[in-house]
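Welcome, and please open your viewer. We will move from one selection to the next, with a short note on what to look for at each stop.

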Amino acid sequence: QVQLVESGGGLVQAGDSLRLSCAASGRTFSSYVMGWFRQAPGKEREVVATIMWSGTSPAYADSVKGRFTISRDNAKNTVYLQMNSLKPEDTAVYYCAARPATRGIFDYWGQGTQVTVSS
């Protein structure tokens, strides 16, 4: 059974940094795309960043380009989201997700971790 467990959220001030982690287990993810999504109160969930499990093809939402970095550690089966220069508008619940590279839909989701950025 696939499990994605996020950690690393918290309350920070504008301009601070946070690193989110997503520990993945339950299968081999070598042919998977991993993603970070977020959902703010009253808004739809949006994609933040995605990456192939191989580490190739990182992609970012325009709103986080240059500030956020997605990466993975194969040895630890963990995907990270390094968030720098945080803004109040980054406040949201952040979710880790996974999908096979051949599918367009993310099948597996974590429970989410809250990130709150105060001004």
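Is cysteine 22 buried or exposed? Select that residue to begin, keeping in mind that this is a predicted model. Cysteine 22 is buried, because its relative accessibility is 0%, and the cut-off for that label is under 20%.

**Stop 1: the disulfide**

Now add cysteine 96 to the selection and show the sulfur atoms. The two cysteines, 22 and 96, are joined by a disulfide with an S to S distance of 2.1 Å. A search of the whole structure turns up one such link. Check the torsion about the S-S bond: at -75 degrees, the link is left-handed. The bridge ties together distant parts of the chain, since cysteine 22 belongs to strand β3 (residues 18-25) and cysteine 96 to strand β9 (residues 92-100), 74 residues apart. Cysteine 96 also counts as buried, with a relative accessibility of 0%.

**Stop 2: the sheet around β3**

Switch to a cartoon view and stay with β3. Strand β3 pairs with strand β8 (residues 78-83) in the antiparallel sense, over six bridges. Within β8, look for valine 79, the bridge partner of cysteine 22.

Next, widen the selection to the whole open sheet: four strands in the order β1-β3-β8-β7, with antiparallel pairing. Which strands stand at the edges? They are β1 (3-7) and β7 (68-73); each has a single partner strand, so one side of each lacks a neighbour in the sheet. From one strand to the next, the twist averages 15 degrees.

**Stop 3: the aromatic rings**

Hide the cartoon and display the aromatic side chains. How many aromatic pairs does the structure hold? There are six. For one of them, pick phenylalanine 29 and tyrosine 32: the ring centres are 5.4 Å apart and the planes meet at 80 degrees, so this pair is edge-to-face. Phenylalanine 29 and tyrosine 32 are both buried. Then add Trp53 and Tyr108 to the selection, and you have a cluster of Phe29, Tyr32, Trp53 and Tyr108 linked by ring pairs.

**Stop 4: charges over rings**

For the last stop, select arginine 45 together with tryptophan 109. The charged end of arginine 45 sits over the tryptophan 109 ring, 3.9 Å from its centre. Then move to arginine 99 and phenylalanine 106. Here arginine 99 lies over the face of phenylalanine 106, at 5.3 Å from the ring centre.

Note on methods
Residues are numbered from 1 along each chain as its sequence is written. This is a predicted model: local features need pLDDT of at least 70, side-chain atom pairs count only at pLDDT 80 or more; totals for chains, interfaces and linings use all residues. Side-chain values use heavy atoms; hydrogens and water are left out. A disulfide is a pair of cysteine sulfur atoms within 2.5 Å. Helices (H or I, at least four residues) and strands (E, at least two) are DSSP runs, numbered from the N terminus. Buried means under 20% relative accessible area, exposed over 50%, partly exposed in between (1.4 Å probe, protein chains only). Rings of Phe, Tyr and Trp (its six-membered ring) pair if their centres lie within 6.5 Å; planes under 30 degrees apart count as stacked, over 60 as edge-to-face and the rest as tilted. A charge sits over a ring if NZ of Lys or CZ of Arg is within 6 Å of the ring centre and within 35 degrees of the ring normal. Two strands pair if DSSP finds at least two bridges between them. Axes are lines fitted to C-alpha atoms, for helices over the stretch in contact, and angles run from 0 to 180 degrees between N-to-C directions.
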